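Trainee: Got a minute to go through this one with me? I'd like to begin with the ligand.

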Amino acid sequence: VIRKGFFENKEVSVKENFADLVTETDQAVEKLVINHLKSKFQNHCFIGEESASAEKGQHIILTDAPTWIIDPIDGTTNFVHKFPFCCISLALMVNKVIEFGIVYNSVTNEIFSAKRGQGAFLNGNKISVSQVKELKDALVCAEIGSSRDDATLTVKFDNMKKIIEKAHGIRCQGSAALNMCYVACGRADAYFEFGPHIWDFAAGEIIVKEAGGVVFSTDGSPVDLLARKVLCSSSKELSCSITKLIQDIPYDRD
Ligand code: IPD
């Protein structure tokens with residue numbers, strides 16, 4: 001459905017602001033996935049980007065029950081503009097632990113996947129993070145996200161400046177889930193962002209960890225999937241260097 005929609009003209013609607021987009025394909029894919037999974041697993045719970053957006057102002061409740069975390073299209077802006085860096089991101093949590101994750105870019109035909117304790121894979125081939133430990137050798141992904149207020153943008157660009165002064169490069173590619181998969185397979189060495197939601201990075205979290213990488217909150221504390229802050233990288237050392245340079249941006253919890 002995503003691949004077909006990618007090449008067509010879309011009906012685009014806005015959510016929080018003019019830069020926070022949703023299409024009929026996002027909604028259709030989420031419905032399709034949830035209906036299919038519900039028919040197989042009647043007692044499971046679902047946290048989906050578009051269902052959550054429809055319940056404005058409600059906090060997300062994550063319980064110990066088996067829970068599917070779904071972003072039907074991560075990188076919706078890319079999808080709208082036919083920039084081929086978008087994917088579906090799907091994770092299953094049980095007792096608040098991620099059991100497996102799948103990130104599928106159907107345009108480039110790349111499926112990243114990981115099951116807890118069983119490694120991470122790209123189209124079935126085992127992947128691992130790069131050996132990079134120092135920022136001076138690193139390619140770092142960061143994101144601007146959809147906030148457009150001055151204070152947020154100032155700190156986001158300031159953080160990127162601090163990183164680029166010391167690293168090989170910075171990339172803002174527009175999909176949190178794929179950024180994490182790129183770290184997992186060694187195409188990038190780190191990714192950090194203030195503002196993403198649980199559905200943007202739940203699947204990526206297990207894929208990076210199973211590929212030998214590390215995932216933290218942006219201040220180096222253990223990652224909290226509902227806190228809207230994530231930093232992942234090929235090594236603890238690299239994460240520490242990034243944490244020391246970046247300034248916090250407050251976001252309300254999911
Ligand atoms: C967005 C993308 C983007 C990131 C935003 C996310 P969406 O997800 O992952 O790269 O900067 O924080 O919300 O809205 O395309 O599913």
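Trainee: What classes of residue make up the shell around the ligand?

Mentor: The shell has six charged, six polar and two nonpolar residues. Here Ala, Val, Leu, Ile, Met, Phe, Trp, Tyr, Cys and Pro count as nonpolar, Asp, Glu, Lys and Arg as charged, and the others, Gly among them, as polar. Keep in mind that this is a predicted model: local features need pLDDT of at least 70, side-chain atom pairs count only at pLDDT 80 or more, and totals for chains, interfaces and linings use all residues. Residues are numbered from 1 along each chain as its sequence is written.

Trainee: Which residues are the closest to the ligand?

Mentor: T76, E143, G145, A176 and P196 are the closest of the 14 that surround the ligand. A residue counts as near if its C-beta atom, placed from the backbone, lies within 6 Å of the molecule.

Trainee: And where does the ligand lie relative to the domains?

Mentor: Between them, because domain 1 (2-127) and domain 2 (135-245) both give residues to its shell. Those bounds come from an automatic or database domain assignment.

Trainee: How many residues does the contact take from each domain?

Mentor: The centres of domain 1 and domain 2, taken over C-alpha atoms, are separated by 19 Å. The contact takes 36 residues from domain 1 and 24 residues from domain 2, where contact means C-beta atoms, placed from the backbone, within 7 Å.

Trainee: Which element gives the most on the domain 1 side?

Mentor: β6, with six residues. Strands are DSSP runs of E, at least two residues, and helices are runs of H or I, at least four, numbered from the N terminus. By class, that side of domain 1 has 21 nonpolar, nine polar and six charged residues.

Trainee: Change of topic. Which residues of α8 are buried?

Mentor: In α8 (residues 236-245), L238, S239 and I242 are buried. Buried means 20 or more other C-beta atoms within 10 Å of the residue's own, exposed means 12 or fewer, and partly exposed is in between, with C-beta atoms placed from the backbone.

Trainee: Why do they line one face?

Mentor: Seen down the axis of α8, the buried residues fall within an arc of 100°, so they line one face of the helix. The arc is that of the directions from the helix axis to the C-beta atoms. On the other side of α8, K236 and K244 are exposed.

Trainee: What covers the buried residues of α8?

Mentor: The cover includes α5 (150-164), β12 (190-194), β13 (214-216) and β14 (229-233).

Note on methods:
Two residues are in contact if their C-beta atoms, placed from the backbone, lie within 7 Å.
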